[in-house]
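Work through the exercises below with the model open beside you. Each task is followed by a stepwise solution.

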Amino acid sequence: MKQIPPKNKLTANFLIWIMALLLVPLLLLAAGLLVISTRFVLDLNAVIVALIIAFGFAIIFGVVVLLFLRRRFLTPIYKMTSGLNAVRFEQLENIKPLSDKGLNEDIGELVRGYNQFLKILKSESQKEDALRASEERYELAIRGANDGIWDWDLKINQCYYSSRWLFMLGYTEESIRNSPNEWFSRVHPDDLEGLKADIKAHLEGKTAFFENEHRLLHANDSYIWVLARGLALRSEDNKAYRFAGSISDFTKRKEFESRLLHDAMHDPLTRAPNREYFQEILESALGRTQRREEYHAAVIYLDLDRFKLINDGFGYSAGDQLLVEVTHRLKRTLRTMDTVARFSGDEFGILLEEINGLQDAIQVTRRLHSILSQPYFIEEQEISPSASFGIVMLTRGYQSAEEILRDADTAMNQAKANGRGRFEIFDKEMHIYTLTRLKTESELRQAFQRAEFKVFYQPVLAAEDGEIDFIEALLRWQHPEKGLIPTDDFIPVAEESGLISQLDEFVLRTACNEARSWMDSGFENLRVSVNVSPKLLINPDFSEIIRSTLADTELPYENLILEITESTGVYNSGTAIQNLFDLTSVGIRVFLDDFGRVASSLEQLKRLPIHALKISQSFIKDLPVNSDDTAIIEAIIAMAHILGMQVIGVGIDNIHQRQYLLEKKCDYLQGFLFSEPLNRAEFLRLLIEKGTNLEAKLEETP
Ligand code: C2E
Ligand code: MG
C-alpha cells in the first residue's frame, strides 16, 4: 500500500511563532501603558485608541513581513520539505523541480541543489525501474516458457538450469548441481559427439547460433528428444564468457516423424521394409563392399510362382495371408543382421551380409526354397506355392543399389524362364540378354502398330488318306530390314511382356477370315487351327472373344481348332478350364500342343476337354533311330487312343519319320515334307495347284 506523506506544518508553526513574537512585546507594551495610565492619570480612551492603532499596525506589519518571508523563504523550503517527504515515501513522480527566480541567493542555491538532487534521483529511479521491469520480464519468460533454460558461466564453468529444464528431465532443483556435466552425462552416447561439435563450433565463432537436436536421459530411464538453442556472449577479444539458451522437448514430434518415416519405409501388409528402404540399406552394404576387402554380401530376389492364381483361386485375403506368412518364414530362417523386404505384390528382396561368399548365398537360397515350399494352411485350405530366386553377389564393380537389384531381378526372371521353383545366379550374359529382350519388346510393340505381323499357314494331313485335315495358322514377323524373324526370337518375349494376347487375337481373326475365304472358294472342309497362349486362355473374356470372332467372320464353330500348350497355369486356372468347356460344348476342338516336352500328369490331362495331342517335335526329330523316342511315341499314341484322343506328329521332314508314324497309327501328320508354312498367296496357290491331297502329290514327286 502506498504511504501518504504527512502534511507539512511548517508555515503554521512559523506563523504562530511570528505572531507570538509580535504579540508578546505588544501585550507587554499594552500592559505597561495601562499601568502608566492608572498611575499618571492618562486619558484611558486615548491610550486604548493608541493601542488599537498600534495593534493594527503591528498586525499589518506582521502580515507583510510574513508574506515577504513566505515568498522568499517559506514557500521554497515548504516545497522542498514536501518533495523530500515524497522522496522518503518513494513518490518521485509527484515531485517537480522548483523555480529559483526571485529567491534570495542562499535559498536559490539551495533550490538549485535540490533540483539537481531530484534530477539525479529521478534518473536513478528510472534506471532501477527499467532494470526491475527487465528482470521481471526475464523471470516471467523463464517461468512461463515451455522451454528449459540453461545459462553457462564459462569463466567459472558453472551452469544454471531453470526449474523447467529440470522438470523436463524429471528432476527437482535439489537433485541437480550447477555443473555442465549434469547435462552432458545425460546425452545419448550416439548424440554426444555431435552436440559437443556444435557447441565448440559456436563458441569458436564459426556459427551465428548454436542449435542441436539430441536425446537426454530422463529420470525414468527413457530418452527424450530435445532441441537445444543458444547464444554465446563474447568479450571484446571475441572470447565467449557466457553461453545461454534453451532446450525444448520435441519427443512427440520426433516419434510422429519416425512413425511417418517408418510407414513410408515399410510395407503396410507385412511390416517388412519396402523397396526404397531396402535400396538404402543396400547402398550402405555396397559402401562396405567397396571399403572392406573381407566383407561379402549378396542379394536374393524372390518371386512367388503363380501368385496370381492363388489370388484368383482363393481370394485376395488368402493371398495377403500367404504374403504375411512368407515374410515370417523368411525372417525366421534368416539371421537378424539380414534384411527381408517386400518390394511389391509377390516380390521380395533379401540382403545377406557378412557371408563367406557365393556358396553361402546358394546354401541360404536352398534353405529358403525348401522352407517356403512347405504347405501353407490358409482359411482351412492347403496352398503349396513355390518360388523363383535370383542371386547377385555385391562386387566393387557396382555403382548403385539399383544396378544390383536390376541384375538380381534379371537372374530371378531367368529362373522363372528356366522352369520356376529354382534359383539362378546373375552373370553378365544375363544382363545382355535382358537388354536385348527389352529392345525386342519395344520393337514388337512398334511392329504391331506398323502391321509387320503376318499369318502363315501349314497344312496338317490325315494319315489315312493324305487329305488336308486342317491348317495351322502360324505367326510371322516380317521385319522391313531383317526379313522373317524366327518365332523363337520373339514369341517368348511377347509371352513375358503380355503382348502375346494381342498377337493371338490378331492371328485368330486373320485365320478365321482366311478360312472363311477358303470355304467361299469351294474348300468347305478346311479347318483352321490357331495357337493360344496360356495368357489369353486364362482371360475370362476368352470364350467371348472366340465367339464374336467366329460370328464376325461367319466361320462355323466346327471349322476352328484351338492349340493350347501344357502349362500348370492352365491346369490350375478355373477360368481357363471353364473357357475350354464353354468352347468345346459348341463344337470347337482343342488340341494339346507340344505334348511331352514338359512333364505332365495324366490326372491333369483328364481334367481338360482335349481332342488330340500334338507330339513334341523333339521326339520326332531323331525317328526312327532313337529308341527312347520311339518308345515314348508308341506310349503316347497308345495312351491317347485309350483316352479317346487323336495324335498328330509334327515336324516331319523326311519319309522315314512319316513311315514310322504311319506304322504306329499316328492320326495326323505335319511337316516340311508335305509343306512348309506358307503365306496366304502361296497357300492358295498350293491349294489350286495340288488340291487338298498332299500325300498323293507327294508320291508323285520324284
Ligand atoms: P507349334 O505350335 O508346335 O508350331 C509348329 C512349329 O513347327 C512351327 O514353327 C512350324 O514352322 C514348325 N515345323 C513344322 N514342320 C516342321 C518341320 O518339318 N521341320 C521343322 N524344323 N519345323 C517344322 P514356328 O512357326 O516357328 O512356331 C514355333 C512355335 O511358336 C509354335 O510351335 C507355337 O508354339 C508358337 N507360335 C507360332 N505361332 C503362334 C501364334 O500365333 N500364337 C502363339 N501363342 N504361339 C505361336
Ligand atoms: Mg501349334
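For sorting residues, Ala, Val, Leu, Ile, Met, Phe, Trp, Tyr, Cys and Pro count as nonpolar, Asp, Glu, Lys and Arg as charged, and the others, Gly among them, as polar. Keep in mind that this is a predicted model.

**Exercise 1.** Sort the residues of the shell around ligand 1 into nonpolar, polar and charged.

Step 1. Collect the shell: 21 residues surround ligand 1. The closest are T487, D504, D593, Q617 and F672.
Step 2. Apply the classes. Eight residues of the shell are nonpolar, seven polar and six charged.
Step 3. Look at where the shell comes from. β14 gives the largest share, four residues.

**Exercise 2.** Find side chains with an N or O atom close to a polar atom of ligand 1, using a cut-off of 3.5 Å.

Step 1. Start with nitrogen. A nitrogen atom of ligand 1 lies 2.7 Å from an N or O atom in the D504 side chain.
Step 2. Go on to oxygen. The side chain of N531 has an N or O atom 2.9 Å from an oxygen atom of ligand 1. For D593, a polar side-chain atom is 2.7 Å from an oxygen atom of the ligand.
Step 3. Check the cover. On its own, ligand 1 has 790 Å² of accessible area, and the protein covers 81% of this.

**Exercise 3.** Classify the packing of helix α17 (residues 542–553) and helix α19 (residues 574–585).

Step 1. Take the geometry: the angle is about 30° and the axes are 9 Å apart.
Step 2. Angles under 35 degrees count as roughly parallel, so α17 and α19 are roughly parallel to each other.
Step 3. List the contact. α17 supplies F542, S543, I546 and R547, while α19 supplies N579, D582 and L583.
Step 4. Sort these residues: three are nonpolar, two polar and two charged.

Notes
Residues numbered from 1 in each chain as written. Chains lettered and ligands numbered in written order. Predicted model: local features only at pLDDT ≥ 70, side-chain atom pairs only at ≥ 80, totals over all residues. Heavy atoms only, no water. Axes fitted to C-alpha atoms, helices over the stretch in contact; angles between N-to-C directions. Helix = DSSP H or I, 4+ residues; strand = E, 2+ residues; numbered from the N terminus. Parallel < 35°, antiparallel > 145°, perpendicular 65-115°, else oblique. Contact = heavy atoms within 4.5 Å. Near = heavy atom within 4 Å. Polar contact = N/O pair within 3.5 Å; in protein donor to acceptor, adjacent residues only side chain to side chain. Areas by Shrake-Rupley, 256 points an atom, 1.4 Å probe, with all protein chains shown as cover.
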